[in-house]
Amino acid sequence: MFNEDTIAAIATSSLGGSISIIRVSGENAVSSVDDIVSFGSGKKLSDMETHRISYGFIRDKDGTLIDEVIILLMRGPSSYTREDVVEIQCHGGSMCARQILSLLCSGGKVRIAEPGEFTKRAFLNGRIDLSQAEAVMDVIESKSNYSLKSAVSQLHGKVKEKIINLRKIVLDDISYIEAALDDPEHFSLDEFDAKFEVRLKEYRDELQKIIDNFNNGRLIKEGINTVIVGKPNVGKSSFMNSILGAERAIVTDIPGTTRDVIREDVVIGNILLHLIDTAGIHDTDNRVEMIGIEKAKEHLTIADLCILILDGSRCLDDEDVKLINNTSNMTRIILINKNDLETKIDLDKIKSITDDDIVEISAKSGNGIEEFENIIKEKFDLNVLSFNDEIYLSNQRQLTHIEKAKESIENVMVSMENMLGEDFYTIDLMDAYTSLGYVIGESVDDDLIDNIFKKFCIGK
Ligand code: GDP
């Protein structure tokens, strides 16, 4: 065990709820709880069997009852941190839990835990690897079903498994090359190179796949940044309201009402969209509107998806065509709104300019919205993502190391092409091995570990 301190924190949300949980972990966990709890049976927690639940009372120093509580005892190593863990369930509301925590710490055997310290201990005591520890945070922060699924898959060690396998075969190659260089009589490199070259390509492709998946993973985890664009008055705000099912954006028939951006989140199927309703993009001399239009253009540059809305009840004009052309390099869905009115827009002309999905809708009646939602599901294909086969990195830190590992593998490929000799291969292979180790927290330094765990909430 790396740490002798016993730590405690309120593990449940401070926003309220019918119960609160105080979690205690470390050498003094059992004795410190014994100091403040009495059980009806007269027994002590230290006499009780592990993984049992007991009912007790906590009184303050002058004997006044603070609360009746449920105590869960989980002796290490069969606990979250692998240390002795005691969880105290008391009544909800922050006062009760805070009083108990303060009483617990007043004995001097326990200190308040830092954010993420329980999970940090689980990592340092070898119960989980770093990618799993990061997944704990992802699970807590998940905002959609997919996000939760991917985090849970990582929590169960998918990334760890893959990386450990890759590292093992890379290490086997390093070992063989080193052995052959040291002992050429018994280890031949003659046939090795051809097979090694094939393997290198496989490593590279595997790593590339993980990198490609990262973007999907990001969309799963963070949601799809979706910008709604179109000229003023085409029905952008109405469309947004229609998929949100509430009057959130301001709808008026005065062009240019949405001067600044309006943001809302919506979940379609299992996909989280971060909608940004922008000011209508069009040519204007109005300075306030110009600021909004500039902002809209800025949002376009970072969006994952553009929803371009055109007014179907009006003829296609130059500004519409300009908007179609200016957003043509984005992942895009074109909505032809107001199909409850007579269609005046030239659909054939639009189809001749772009192959993108075009859906006729009426933001007013809701007609066509379902078709739009089906296209979103198809486009992002998240319904068919399998969490059994694919692994998803959860953050940029992991991605950076995977990219470095891939770069090192490519360096080996270049060395082979240039026939630089086997001793050159092992240097880059070792770098790849180290970078992969960083993903799962092997060979990471203390500062990095502290940094990662600081991002956790207290009590986790
Ligand atoms: P924005 O400026 O693009 O955000 O447009 P708004 O959503 O504010 O709508 C402008 C006007 O068009 C309002 O009077 C809406 O009621 C009207 N409108 C929006 N969508 C539809 C629709 O599908 N059918 C009809 N008939 N009118 C619509």
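Select Asp311 and Ser313: a polar contact of 2.7 Å joins their side chains. A polar contact here is a pair of N or O atoms within 3.5 Å; within protein, one atom must be able to donate a hydrogen and the other to accept it, and residues adjacent in sequence count only if both atoms are side-chain atoms. Add Lys338, whose side chain makes a polar contact of 3.2 Å with that of Asp311. Asp311 belongs to strand E11, residues 305-311. Strands (E, at least two residues) and helices (H or I, at least four) are DSSP runs, numbered from the N terminus. Asp311 counts as buried because its relative accessible area is 6%. Buried means under 20% relative accessible area, exposed over 50%, and partly exposed in between, with a 1.4 Å probe and protein chains only.

Before moving on, note that this is a predicted model: local features need pLDDT of at least 70, side-chain atom pairs count only at pLDDT 80 or more, and totals for chains, interfaces and linings use all residues. Residues are numbered from 1 along each chain as its sequence is written, and side-chain values use heavy atoms, with hydrogens and water left out.

**The ligand**

Select the ligand next. It is surrounded by 18 residues; the closest are Asn233, Lys236, Ser237, Ser238 and Asp340. A residue counts as near if one of its heavy atoms lies within 4 Å. The shell divides into five nonpolar, seven polar and six charged residues. In this split, Ala, Val, Leu, Ile, Met, Phe, Trp, Tyr, Cys and Pro are nonpolar, Asp, Glu, Lys and Arg are charged, and the others, Gly among them, are polar. Helix H8 (residues 236-244) gives the most to the shell, with three residues.

Now show distances to oxygen atoms of the ligand. A polar side-chain atom of Ser238 lies 2.6 Å from one. For Lys236, a backbone N or O atom lies 2.8 Å from a ligand oxygen. For Ala363, a backbone N or O atom lies 3.0 Å from a ligand oxygen. Taken alone, the ligand exposes 580 Å², and the protein buries 88% of that. These areas come from the Shrake-Rupley method with a 1.4 Å probe; for residues, only the protein chains shown count as cover.

Stay on Asn233. It sits in the loop between strand E8 (224-229) and H8. Its phi is positive, near 75°. Most residues other than glycine have a negative phi, and most peptide bonds are trans. Asn233 is partly exposed, because its relative accessibility is 27%.

**The strands E3, E4 and E5**

Go to E4 (residues 52-59). Three bridges join E4 to E3 (residues 37-39), and the two run antiparallel. Strands pair if DSSP finds at least two bridges between them. Phe39 stands opposite Gly56 in E4. On to E5 (residues 65-74), which is antiparallel to E4 and joined to it by eight bridges. Here Ile53 stands opposite Leu72. In the hairpin of E4 and E5, five residues lie between the strands, and Gly63 has a positive phi near 90°.

Follow the loop between E5 and E6 (85-91) to Pro77. The peptide bond from Gly76 to Pro77 is cis, with omega near 5°. Arg82 lies in the loop between E5 and E6 too. Its phi is positive, near 75°.

**Last stop: helix H14**

Select residues 422-440. The end C-alpha atoms of H14 are 28 Å apart, which agrees with the 27 Å expected for 19 residues at 1.5 Å a residue. The expected span is 1.5 Å times one less than the number of residues. Buried residues of H14 include Tyr425, Leu429, Tyr433 and Leu436. Finish at Gly441, which follows H14 and has a positive phi near 90°.
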